[in-house]
Amino acid sequence: MAVFALAAVILWVSARDSGSAMEGSAATAHLQAMLPPVRHPAPIIQPRLQLIPEPTLPVPEISPAVTVQRVSATYDDASSEAGEAGPEAISDETIDPTVDALLARALRSDTPTEEERETNADYSILGETVPAGTARRLTWSASETFAGTSIPTAVLVVHGKKPGPVLCLTAAVHGDELNGIETVRQVIHDLDPERLKGTVIGVPIVNLQGFHRNSRYLPDRRDLNRFFPGNPDGSSASRIAYSLFNGVILHCDALVDLHTGSFHRTNLPQLRADLSNPGVVELTAGFGATVILHSDGGVGTLRRSAVEAGIPAVTLEAGAPQQVNSESVDHSVKSIHTLLDTMDMYNRRSFWGNPEPAYYQSRWVRADHGGILSGKVKLGRRVAPGEVLGTVIDPISNEQADIVSPFRGRVIGMALDQFVMPGYATFHIGIESEVEEITEDSQAIDLDHVAAEYPEERESTD
Ligand SMILES: [Zn+2]
């Protein structure tokens, strides 16, 4: 817990210092009142005590508080059991008393439409209740360690004032993929629940055990993203997958699972999506100018399991593992902002035109010689057949060998400069084609589940 709290502080401090693209100080202040930055051991409820309600945050007495009366549309089962709900449907709720929030509210004082008057019901998840127009930090408990202590994992829930869909964001299913963690933080903490229609659920660090060890895997070297939807009686990985899938994912109307390239490779921000599924295609259309790569996702991936459960899901890949890359994070945040806008959940009236193409096929170009790889192209570069992508230099003989693109297309992923062996997958080319069609061949290109000669390549992405 202490390590997690420390990590949270580091993430918070680093993001604050980097001057992120937060907009709307009123929204930020409002949300921070509900999800205050953690400086000390996080106020996380121990899972065994989850029936004890989290204490409500104190309201500062010095500010002019605005009190409204709110009628709950439904009663939460859990709180009914605890004897808390019942006939008193009317509850007092003190809303953000800050000057910024009052000003912002005054500026939006148009006559409310019928839809705007509609108040959302309370939201129940993980045995807790989140009232409309609020945000809460809940915990999901994945498994127990040998010591019998469970590891509480943060689940951030922003429940909008108005009804709407439930969008879920998961990150660090692979524990060393950091860009998604920062993306979820920026998206969640920039939301004003008063303006949100529907619910946004963020699980910033799914694989907390891997994250603590800066590792892609669980402690037993299993890849969690091969075990969804999980099994309550299976292996440790299978139980963790089952717990997340049933506790959180099945509550989602749409899912964005955030990843990065793996093993010293980096990805152009891109969606991986099963373009044979109409619901998924509709979801991909909401992300703005982001490249789409068709892939149905391997068996056991969170994305594929969600789609098979009827929940449209995509993977958003951006950047490389083990580092936080601000360009990748900025793109991902902008993509999800655009999605929230498209889904009519959070209107920023922003428009992100010039949609990027969808690639129905892609290929990895491999090195034929061993040596030091020196990339000659950047991510996103359009390449023609015969174009030099990089050079491999033998450190002993000084022999140099070019890696040449056999395809016309776009560099959507590439290995970082490093020592490579012959056969190492170095440049990932999205192939432009006249016909948008899904072929059997399309499935073979995704390194998701390709067994390569090198064990570290076996599970490369997604
Ligand atoms: Zn991943």
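Let's start at Arg-381. Arg-381 sits in the loop between β15, residues 371–375, and β16, residues 382–383. Is Arg-381 buried or exposed? Neither label fits outright. Arg-381 is partly exposed, because it has 18 other C-beta atoms within 10 Å, and buried would take 20 or more. Now its contacts. Setting aside neighbours within four places in sequence, Arg-381 touches Arg-410 and Val-411. There is also a long-range relation to note. Ile-429 is 48 residues away from Arg-381 in sequence, yet the C-alpha to C-alpha distance is 9.6 Å.

A word on confidence. This is a predicted model. The average pLDDT of the protein chain is 78, and 68% of the residues score at least 70. Where is confidence lowest, and where highest? The lowest is helix α3, residues 77–81, with a mean of 36. The highest is strand β8, residues 197–203, at 98. Two further stretches need a flag. Across residues 440–446, pLDDT is below 50, and the model gives this stretch nine contacts beyond near neighbours in sequence. Residues 448–461 also stay under 50, and there the model has 26 contacts beyond four places in sequence.

Back to β15, for the sheet. Four strands make an open sheet, ordered β18-β17-β15-β20, with antiparallel pairing. The edges are β18, residues 400–404, and β20, residues 419–420; each of them pairs on one side only. Look at one pair in detail. β17, residues 388–393, runs antiparallel to β18, and five bridges connect them. One residue pair to find on screen: Val-392 has Ala-401 in β18 as its bridge partner.

Next, strand β10, residues 265–273. Nine of its nine residues are buried, so β10 is largely enclosed by the rest of the structure. Which strands does it pair with? Take them in turn. With β19, residues 409–415, β10 runs antiparallel and shares three bridges. Asn-267 faces Gly-413 there. With β12, residues 313–319, the sense is antiparallel again, over four bridges. In that pairing Arg-272 stands opposite Thr-315. With β11, residues 291–294, there are four bridges, and the sense is parallel. Here Gln-270 is opposite Val-291.

Now two helices. Why call α6, residues 179–189, largely enclosed? Because ten of its eleven residues are buried. Polar and charged residues are on that list: Asn-179, Glu-182, Arg-185 and His-189 are among the buried ones. So are Ile-181, Val-184, Val-187 and Ile-188. Helix α8 covers residues 236–247, twelve in number. From first C-alpha to last, α8 reaches 16 Å, close to the 16 Å expected at 1.5 Å a residue. Its buried residues are Ala-237, Ser-238, Ile-240, Ala-241, Tyr-242 and Leu-244. Residues three or four places apart on an α-helix point the same way, because there are 3.6 residues a turn.

Last, the core. In soluble globular proteins, nonpolar side chains tend to be buried together. The largest nonpolar core here has 96 residues. Which residues have the most contacts inside it? They are Val-155, Val-157, Cys-168, Leu-169, Ala-171 and Leu-255. This core draws on two domains. At least three residues come from each of domain 1, 2–58 + 123–342, and domain 2, 361–432. Zoom in on Val-155 to finish. Beyond its neighbours within four places in sequence, Val-155 is in contact with Leu-126, Leu-138, Thr-139, Trp-140, Ile-201, Val-203 and Val-248.

Notes:
Residues are numbered from 1 along each chain as its sequence is written. This is a predicted model: local features need pLDDT of at least 70, side-chain atom pairs count only at pLDDT 80 or more; totals for chains, interfaces and linings use all residues. Two strands pair if DSSP finds at least two bridges between them. A residue is buried if 20 or more other C-beta atoms lie within 10 Å of its own, exposed if 12 or fewer, and partly exposed in between; C-beta atoms are placed from the backbone. A nonpolar core is a set of buried Ala, Val, Leu, Ile, Met, Phe, Trp, Tyr and Cys residues joined through C-beta atoms within 7 Å. Domain bounds come from an automatic or database domain assignment. Two residues are in contact if their C-beta atoms, placed from the backbone, lie within 7 Å. The expected span of a helix is 1.5 Å times one less than its number of residues. pLDDT is the predictor's confidence in each residue, from 0 to 100.
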